[in-house]
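Here is a look around one protein model, written for someone meeting it for the first time. Keep the 3D view open while you read.

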Amino acid sequence: MKKYQHIIFDLDHTLWDFDKNSGMALSEIYEEFKLQDKGINDFEEFYKRYKIINEACWADYRENKIEKSVLRTIRFSKTLESYGLVDEILTETICESYLFKSPRKSHVIEGSYEVLSQLQEKYKLHILTNGFSEIQEIKMEASKLTSYFTHVIASEHAGAKKPHPQAFNFALDIIGTKAENCIMIGDNPETDIEGATNIGMDSIYFNRNGEFSKDVNATHQVHFLKEILPLL
Ligand SMILES: [Mg+2]
């Protein structure tokens, strides 16, 4: 008898290629809003700064230090401010443009479709994401991921984000099962792996960029999505 009934996937950076899609959207924005003429001379540098600031803002959001509405704009205002640009209207317009463009990009991580197709024959598949539900739905439609999943669960409706146990228990309630019947697959050692471990759920750490990490307490660790198949 197989050990699990349900596989819970993270979405961003695990299946939906966040870096590639977000980078494409920002590159279009850089051109459209003529940011070069505004003193932002190098796109790569602009993108690097945005990524660092965005990550820090998301960490604040996860810890409930800032609201969703603040997170949306502050990552852009801070990036522009790092170039001495203080322009509320420009910030707001870029923010709106990004929120429209980025989720409509369709690149997925290598191996996604093959892995999901095979797994869906044996397991029920679900998404548990810290992203905003209306945005995640657009991403999944654009990248043709929707049909693989029974439930797409956004932690914002749980009142707590991954790694908080409340987010995982909320997902288990919706799925109608217990932690021991599930395995969590995600790219984030803290939100996905530590979160799953804390409620007694097995996990697969999708360690896409790094060396094998001894510090991450996952049941399994893979560098490519396809390596999941022989494990399940
Ligand atoms: Mg992720």
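## Helices that cross

Let's start with a pair of helices: α1 and α2 pass each other in a right-handed crossing. Keep in mind that this is a predicted model. The two axes come within 11 Å and cross at roughly 125 degrees, which makes α1 oblique to α2. On the α1 side, the residues that meet the partner are G23, L26, S27 and Y30, and on the α2 side they are F43, F46, Y47 and Y50. Sorted by class, that contact has 6 nonpolar and 2 polar residues, and no charged ones.

Helix α1, which spans residues 18-32, has another partner in helix α4 (residues 88-101). Here the angle is about 140 degrees, with the axes 9 Å apart, so α1 is oblique to α4. This crossing is right-handed. Look for A25, L26, E28 and I29 in α1, which meet I94, S97, Y98 and K101 in α4. The residues of this contact divide into 5 nonpolar, 1 polar and 2 charged.

Now move to α2 (residues 43-62) and α3 (residues 68-81), which pack at an angle of about 155 degrees with their axes 9 Å apart. That makes α2 roughly antiparallel to α3, because angles over 145 degrees count that way. Once more the crossing is right-handed. From α2 the contact takes R49, Y50, I53, N54, C57, W58 and Y61, while α3 brings K68, L71, I74, R75, K78 and T79. Its classes come to 7 nonpolar, 2 polar and 4 charged residues. Y50 of α2 turns up in this contact and also in the one with α1.

Here are the three pairs side by side.

| Helix pair | Angle between axes | Distance between axes |
|---|---|---|
| α1 and α2 | roughly 125 degrees | within 11 Å |
| α1 and α4 | about 140 degrees | 9 Å |
| α2 and α3 | about 155 degrees | 9 Å |

## Two nonpolar cores

In soluble globular proteins, nonpolar side chains tend to be buried together. Which residues have the most contacts inside the largest nonpolar core? They are I185 and I204, in a core of 36 residues. Quite a few elements feed into this core with at least two residues each: the strands β1 (6-9), β2 (124-129), β3 (151-154), β4 (182-186) and β5 (202-206), plus the helices α7 (165-175) and α8 (189-198).

Zoom in on I185 and, leaving out residues up to four places away in sequence, you'll find it touching I7, F9, D10, T14, I204, F206 and I228. Apart from the largest core lies another one of 9 residues, and among them are L26, F76, L80 and I94. Two of those names should ring a bell: L26 and I94 also take part in the contact of α1 with α4.

## A few backbone oddities

Most residues other than glycine have a negative phi, and most peptide bonds are trans. This model has some exceptions worth a look. The peptide bond from K162 to P163 is cis, with omega near 10 degrees, and P163 lies in the loop between β3 and α7.

H13 has a positive phi, near 70 degrees, and sits in the loop between β1 and α1. K34 has a positive phi too, near 50 degrees, and belongs to the loop between α1 and α2. Are these two buried or exposed? H13 is partly exposed, with 17 other C-beta atoms within 10 Å, while K34 is exposed, with 9.

## Two more stops

V152 is part of strand β3. With 18 other C-beta atoms within 10 Å, V152 is partly exposed, because a residue needs 20 or more to be buried. Beyond its neighbours up to four places away in sequence, V152 touches I127, Q136, E137 and M140. The C-alpha atoms of V152 and A171 are 9.1 Å apart, and the two are 19 residues apart along the chain.

Finish at L85, in the loop between α3 and α4. L85 is partly exposed, with 15 other C-beta atoms within 10 Å. Setting aside neighbours within four places in sequence, L85 is in contact with K38, G39 and L80. From L85 to G210, 125 residues apart along the chain, the C-alpha atoms are separated by 35 Å.

Note on methods. Residues are numbered from 1 along each chain as its sequence is written. This is a predicted model: local features need pLDDT of at least 70, side-chain atom pairs count only at pLDDT 80 or more; totals for chains, interfaces and linings use all residues. Axes are lines fitted to C-alpha atoms, for helices over the stretch in contact, and angles run from 0 to 180 degrees between N-to-C directions. Helices (H or I, at least four residues) and strands (E, at least two) are DSSP runs, numbered from the N terminus. Angles under 35 degrees count as roughly parallel, over 145 as roughly antiparallel, 65 to 115 as roughly perpendicular and the rest as oblique. A crossing is left-handed if the near helix is turned anticlockwise from the far one by less than a right angle, and right-handed if clockwise. Two residues are in contact if their C-beta atoms, placed from the backbone, lie within 7 Å. Ala, Val, Leu, Ile, Met, Phe, Trp, Tyr, Cys and Pro count as nonpolar, Asp, Glu, Lys and Arg as charged, and the others, Gly among them, as polar. A nonpolar core is a set of buried Ala, Val, Leu, Ile, Met, Phe, Trp, Tyr and Cys residues joined through C-beta atoms within 7 Å. A residue is buried if 20 or more other C-beta atoms lie within 10 Å of its own, exposed if 12 or fewer, and partly exposed in between; C-beta atoms are placed from the backbone.
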